[in-house]
Amino acid sequence: MTDNALAGARVLLGVGGGIAAYKAADLVRRLRDAGAEVRVVMTANATRFVSALTFQALSGHAVRDSLWDESAEAAMGHIELARWASQVLVAPATVDIIARLAQGRADDLLATLCLATGAPVAIAPAMNQQMWAHPATQANLATLRQRGVRVFGPDSGGQACGEFGAGRLMEPHSLVAALAATQAPGDLAGWSVLVSAGPTYEDIDPVRFIGNRSSGRMGFAVAAAAAARGADVTLVAGPVALATPAGVRRIDVRGARQMHEAVLGLAGASDVYVAAAAVGDFRPDQVAPRKLKKASDATTLELRLVQNPDILADMAALTGRPFLVGFAAETERVEAHARDKLERKRLDLVAANEVGPGRGFEAEDNALLLLWPGGREALPRAGKRELAEALLDRIVQLRQGRQDGNPA
Ligand code: CTP
């Protein structure tokens, strides 16, 4: 993490009662190293795992764990504390805290603060993998996301309970990066981001083409989110019926070869390339100059197709190439195919999703599986803008980790 990535931030850290609470101690230190001022609020159960004294020593402030502490209220009332925060982060967020936040309860100090604050709230869940996967937990998370609560992690791996799966608290250095990424709207300032979106149309004759079901919405959402976060964004769009997002430079193309030329021409000027376009792999080997007519005696028509250039693979072959993000739309064995694509195309990150009737391309929302060398993150079903933000958060974190030499 770069120094001062959180300079000026006032982080209210809510510590929940799970075994991962011990990692919150390291988190406080790292938040302060990044320049943030930190005040810690613990749930009653959290105090069974780690002592308040640990957090007091690390944060440099008294720790609160009750709404009914008269001397603490006299020093700084809970509403004042809610107003003080510029960011609220609940880490670890237990299944119970998530449920209480989703219900809007105010049954302890932490839940009350989350309701009373005007600051953005983020949660970093940590729990047993079965509890994480439970539909009740996922429904509560969906409610919170809908309200704009950011969800960091969880990571997958071995768990304190001896099981293996999703539910580990995101590592403290990643949490700091994730928080820094959401802190300022301009966290991508100075970045040049190139996005391709939509389908390609491969012409057969003047009226017919071979296309695909891509709506372009995912790529447009990435472009919009990156621009809103301060990046200089160029969007190379196949034929789609979508408005250009604010602040985005747009280049319209039709076929894969045109898209190839536009994208490769901008490679040197881009820090990141997000290949969200569904590029046609093949095109008719020639475009008929006039509309093809039915021959009265023919019941079949043969089209000879030739392969299009692979834009992403050609980008990957460049020296000094941008950070490369590919999409993998699959109808089966999503993770295996996507991991293969990551390695085969030598990408930095792949966003995979399952496509089929009503899923992926034409749907308003989507679910993505992010894969990168040595890591994965499943982003549950959400609106495409929300997924775009989470994708950008991950890109920020991976590029940052690279610069810092941290294993991403
Ligand atoms: N892509 C590209 N140029 C192509 C084909 C695909 O840049 N000619 C990019 C897409 O934009 C996407 C990624 O490659 O980001 C994956 O595309 P996909 O067609 O699913 O992958 P392929 O490598 O073609 O693999 P397969 O067809 O076997 O699934």
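Guide: A polar contact is a pair of N or O atoms within 3.5 Å; within protein, one must be able to donate a hydrogen and the other to accept it, and residues adjacent in sequence count only if both atoms are side-chain atoms. This is a predicted model: local features need pLDDT of at least 70, side-chain atom pairs need 80 or more, and totals for chains, interfaces and linings use all residues. Residues are numbered from 1 along each chain as its sequence is written, and side-chain values use heavy atoms, without hydrogens and water.

Visitor: Which atom of the ligand does the backbone of Ile311 approach?

Guide: A nitrogen atom, 3.0 Å from a backbone N or O of Ile311. Pro309 also brings a backbone N or O to a ligand nitrogen, at 2.9 Å. Ala277 faces an oxygen atom of the ligand instead, with a backbone N or O at 2.7 Å. The ligand alone exposes 570 Å², and the protein buries 78% of that (Shrake-Rupley areas, 1.4 Å probe; for residues, only the protein chains shown count as cover).

Visitor: Which residues are around the ligand?

Guide: Count a residue if one of its heavy atoms lies within 4 Å. Here the shell includes Ala275, Val279, Asp281, Asp310, Leu312, Phe327, Lys341 and Lys345. Helix α13 (311-316) and strand β16 (323-330) each supply at least two shell residues. Helices (H or I, at least four residues) and strands (E, at least two) are DSSP runs, numbered from the N terminus.

Visitor: Where is Arg333 found?

Guide: In the loop between β16 and α14 (334-344). Most residues other than glycine have a negative phi, and most peptide bonds are trans. Arg333 has a positive phi of about 40°. Arg346, in the loop between α14 and β17 (349-354), has a positive phi of about 50°. Neither Arg333 nor Arg346 is a glycine.

Visitor: Which residues does a cis peptide bond join, with omega about -5°?

Guide: Ala91 and Pro92. Pro92 lies in strand β3 (residues 87-93). Another cis bond joins Gly153 and Pro154, with omega about 0°. Pro154 sits in the loop between β5 (150-151) and β6 (155-158).

Visitor: Does Leu113 count as buried or exposed?

Guide: Buried means under 20% relative accessible area, exposed over 50%, partly exposed in between (1.4 Å probe, protein chains only). Leu113 has 1% relative accessibility, so it counts as buried. Its place is helix α7 (residues 109-116). Arg333 counts as exposed because its relative accessibility is 56%. Of the chain's 408 residues, 51% count as buried.

Visitor: What does the C-alpha trace span along its principal axes?

Guide: About 90 × 40 × 35 Å. The chain holds 15 helices and 19 strands. For scale, 56 Å separates the C-alpha atoms of Leu113 and Glu202, which are 89 residues apart along the chain.
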